[in-house]
Each structure stands twice: as structure tokens, then as C-alpha cells.
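Student: I should like to work through this protein with you, question by question. Could we begin once the sequence and the model are in view?

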Amino acid sequence: MSSTVSTSREFLPPATIGNYESPNFGASASFSQPDAYLNESDGTELLSLSWNQDYGCFAAGTSNGFRIYNCDPFKETFRRDLKSGGFKIVEMLFRCNILALVGGRSNSQYPPNKVLIWDDHQSRCIGEFAFRSEVHAVKLRRDRIVVVLEHKIYVYNFMDLKLLHQIATLANPRGLCCLSHHSNTFVLACQGLRRGQVRVEHFGLNMTKLINAHDSNIACFTLTLDGLLLATASTKGTLIRIFNTMDGTRLQEVRRGVDRAEIYSIALSPNVQWLATSSDRGTVHIFSLRVRVFGDDSASHPNAAQGMPLLHQNSSTSLDAFISPNPGANPGSSLSFMRGVLPKYFSSEWSFARFHLPEDTQFMVAFGSQNTVIVIGMDGSFYRASYDPVHGGEMLQREYVRFLKAESKTS
């Protein structure tokens, strides 16, 4: 399959890059100037939501364009509304002016098989990828662009849009893929070629690790910012597992519930002390992690927690290097002493804290500052809730905003 890439960067010579679904260079496309702001009463629909890399902002793809919101304090930063249609994927690059955009099916100018690299400061497209099949996700680092299709993932260099890697995957309609964002390491996690398998690429170490995480298909996963730890959930949605990505060791397993659920998101706190998950059951669960936190004051200096584990990547990967007691402990069953005799859920670690939301709405969760979580929903809602790091229990709602009042849907 063939495909093309365009760029407006003059130092790029025209070149052909092979006969597969990855591009050759050519002239740049232009991007329509934003129209006047549209009213909420015009039937604007929410097509997608996505966090930026540090969870301080999120992007909303709408049927008319896209909008960017700041989380703390909550406010709309800017919006771009277009006559040609909306965007089903809006991927931010931290807080800078570069965005990756993929049009929705109703977008007359930018179809869902094209990726635009958009410079909002210059109000122009600086690169464009066109594929023969629909794009399911785009992930950005400061040095890489990752495009996720149904059965393949392409990794490009950000500076010259050169193809660096391509990875074959199991059918991936969810667009599952995540990246590390520490400057000293590049780790990519995606589906493998077997059900329940996660493939972890340590590009800096030229190492691939295949982790057989679940018996069922993978529904959701996330990496720590340094890429050293991986948290996964399957389509069954009852268990979340945490792995060491260096050797594939399972470090911890926590239980969301007994009944099947669709896991929408998993988040790890910057100091790797907490894990949060959201599902179609309408509850955000927080779990206490027993993963060692490196650095003297990782809560105050999250970069320490992100960077220090890198020192251990080429040395010990034993369990002792990763497991440590956490002041907050997940509750277990009173019958856990009979593990091996009773069903497995009697010896499970259950959630430490909970926050209740409307059921059957897709919510995404992330950690905020000072023992808070932030939640964004496909119904156009924003929540901030706090949890007690010692006693857990029910979380306290601190903030609620309806940022998009029109009818919302997933793309």
C-alpha cells in the first residue's frame, strides 16, 4: 500500500520512501483560516477528548473544529472553528503551538486518512501524512510523530518527517498506543500480534519486550513518563496489572470489580504512588501502588521520579528494585488468608478511593496536584475531586464545569 507525506519545510528535498503505506515528500497543503466562533446552540458535537503529555491541558475535537482547555485553573485557552468540518483526533505537544489533527468523516477538506501537523502560531500546516486507510490515533513526542492505523504503526522523525520504524500489530480499532515522554529515553507500547499481548519497544536500547498481559484482548494501557512501568487492562475490565517493561515482570495486580466493564482510561500519578481508572460502570477507582519511588522528594519534584529509574535500566531488574510499601494500602477481602482455596477475587487488592459519575458516559481520568484527580467526559463535563491519601474512601467533588453543552458522541 502506498501513501504520501507533504511538508512546507524548504530544506526537505522531494524523495520517495518505498512502496508501503508510508510516504513520499511533496508540496504542502494549506489549512483554512478559522471562522468566527460558533454558538453552543448550533449543534456542535464532541468527537474526541485527549490529554496533553503532562495532563495540564486537554484538547476537544468537535464537529466544527477543535478547542483547547487548561485544567488548573480550568479555562478554555482557544478554539478553532471551521466551515469544512471537525476533527476526530486532536493531539497536543505539551503546551506548544504544534498540534496533530485528523479530520472526522464529515470533514469535507480533511478526511480521516490524513494527519495534519499544524502550527497554530503561524496558522498553517507544516506537514501532512496521507494514508490509504483510516488513522486511529496519533501520538507526539518532541522528537517523534507516531501514526496508528488498523494493523500498523509508523514512527517518524519530527525534524524531517523521515520514516524510522514500522510495527505490525493485531487489529487495533481503538488506536491503542502510548509513549514515554522523558527526554532521555524513548519507549513505545502497542499491541502485539497475539491476543492480550503488549509489545514494548525500548528504542534507545534497541530492545523489544513482548508482555503477555492478559488472556483477553487489550482494552487500555499506559506508561509512566519514563516508560519503565506499564499498566494494562483487558476487555474483561476486572483487573489492572502493572509490569516492569524491561523484563516483563508483573509487579502488582489490582481489581476494579467482579463484573465485566469497559475500561476507558488508566492514569499513573507522577510519583508512581497511585493508579486511577475509569470505566462504563460510572466509577473512578484509585489504587495504591507498591512500586518503589526514586528520589528524595518525588512529589515536589516529579522529574526526579521520572528520571531516576533510568539509572536502573541497565542494571538490576529484580522485584526488590521496584516494590516498596506504600503508606496507603488497598483493602483486601477478610477471607484473603484462604487464597488458593476460594476464588481469586477473595485475595484481590480492591480500590483505595472512589468517585462516582454517570454511567455509560466515556470519561478519562488523570492526576492533578495535591491529591486530586481530574476527569473529562464525552458529555462535555469536567470534574475535579480530592482523595484522602491516608484513609481513602469516597472522594470529594471540588469542581464541576460543563464545557460543552451540546449533544456529544464518540467518533
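Tutor: A residue counts as buried when its relative accessible area is under 20%, as exposed when that area is over 50%, and as partly exposed in between. Please keep in mind that this is a predicted model.

Student: By that definition, is Phe-131 buried or exposed?

Tutor: The cut-off for a buried residue is under 20% relative accessible area. Phe-131 has 3% relative accessibility, so Phe-131 counts as buried.

Student: What share of the 411 residues in the protein is buried?

Tutor: The secondary structure of the protein comprises one helix and 30 strands. The protein exposes about 17500 Å², of which carbon and sulfur atoms supply 49%. Of the 411 residues, the buried share is 57%.

Student: Which element gives the largest share of the largest nonpolar core?

Tutor: In soluble globular proteins, nonpolar side chains tend to be buried together. The largest nonpolar core here has 22 residues, and the members that touch the most others are Val-115, Ile-117, Phe-131, Val-135, Val-138 and Ile-145. Strands S7 (98-103), S8 (114-119), S9 (124-130), S10 (137-140), S11 (144-148) and S12 (152-157) are the elements that give two or more residues to this core. The largest share, three residues, comes from S7.

Student: How many residues does the other core have, the one with Ala-276 and Phe-352 among its members?

Tutor: This core lies apart from the largest one. Its members include Phe-355 and Phe-363 as well as the two residues that you name, and its size is 18 residues.

Student: How are the rings of Phe-129 and Phe-131 arranged?

Tutor: A pair of aromatic rings is described by the distance of the centres and the angle of the planes. Phe-129, at 0% relative accessibility, is buried. The ring centres of Phe-129 and Phe-131 are 6.5 Å apart and the planes are at 5°; under 30 degrees counts as stacked, so this pair is stacked.

Student: And which class fits the ring pair of Tyr-383 and Tyr-400?

Tutor: Tyr-383 belongs to strand S28 and Tyr-400 to strand S30 (residues 396-402), so the pair, 17 residues apart, links distant parts of the chain. The ring centres are 5.0 Å apart and the planes are at 50°, so the pair is tilted.

Student: Is Tyr-400 buried or partly exposed?

Tutor: Its partner Tyr-383 is buried, with a relative accessible area of 8%. Tyr-400 has 40% relative accessibility, which lies between the limits of 20% and 50%, so Tyr-400 counts as partly exposed.

Student: Which side chain makes a polar contact with the side chain of Ser-381?

Tutor: Ser-381 is in strand S28 (residues 381-386) and is buried, with a relative accessible area of 0%. Leaving out residues up to four places away in sequence, Ser-381 touches Phe-363, Val-375, Ile-376, Tyr-400, Val-401 and Phe-403. The polar contact, at 2.6 Å, is with the side chain of Asp-379.

Student: What distance separates the C-alpha atoms of Val-148 and Cys-177?

Tutor: Val-148 is found in strand S11 and is buried, at 0% relative accessible area. Beyond four places in sequence, Val-148 touches several residues, among them Val-135, Ile-153, Leu-176 and Cys-177. Val-148 and Cys-177 are 29 residues apart along the chain, and their C-alpha atoms are separated by 7.4 Å.

Student: What is the corresponding C-alpha separation for Leu-275 and Leu-289?

Tutor: Leu-275 lies in strand S23 (residues 274-279) and counts as buried at 0% relative accessibility. Its contacts beyond four places in sequence include Ile-240, Ile-266, Phe-287, Leu-289 and Phe-367. Leu-275 and Leu-289 are 14 residues apart along the chain, and the C-alpha separation is 6.8 Å.

Student: Which strand holds Thr-62?

Tutor: Thr-62 counts as buried, at 1% relative accessibility. Outside four places in sequence, Thr-62 touches Thr-44, Glu-45, Leu-47, Arg-67, Gly-86 and Phe-87. Its strand, covering residues 57-62, is S3.

Student: Finally, over the face of which residue does Arg-142 lie?

Tutor: A charge sits over a ring if, for Arg, CZ is within 6 Å of the ring centre and within 35 degrees of the ring normal. Arg-142 is at 3.8 Å from the ring centre, and the residue beneath is Phe-94.

Technical notes:
Residues numbered from 1 in each chain as written. Predicted model: local features only at pLDDT ≥ 70, side-chain atom pairs only at ≥ 80, totals over all residues. Heavy atoms only, no water. Core = buried A, V, L, I, M, F, W, Y, C linked by side-chain atoms within 4.5 Å. Buried < 20%, exposed > 50% of the residue type's maximum accessible area, 1.4 Å probe, protein only. Helix = DSSP H or I, 4+ residues; strand = E, 2+ residues; numbered from the N terminus. Polar contact = N/O pair within 3.5 Å; in protein donor to acceptor, adjacent residues only side chain to side chain. Contact = heavy atoms within 4.5 Å. Phe/Tyr/Trp six-rings, centres within 6.5 Å; stacked < 30°, edge-to-face > 60°. Areas by Shrake-Rupley, 256 points an atom, 1.4 Å probe, with all protein chains shown as cover.
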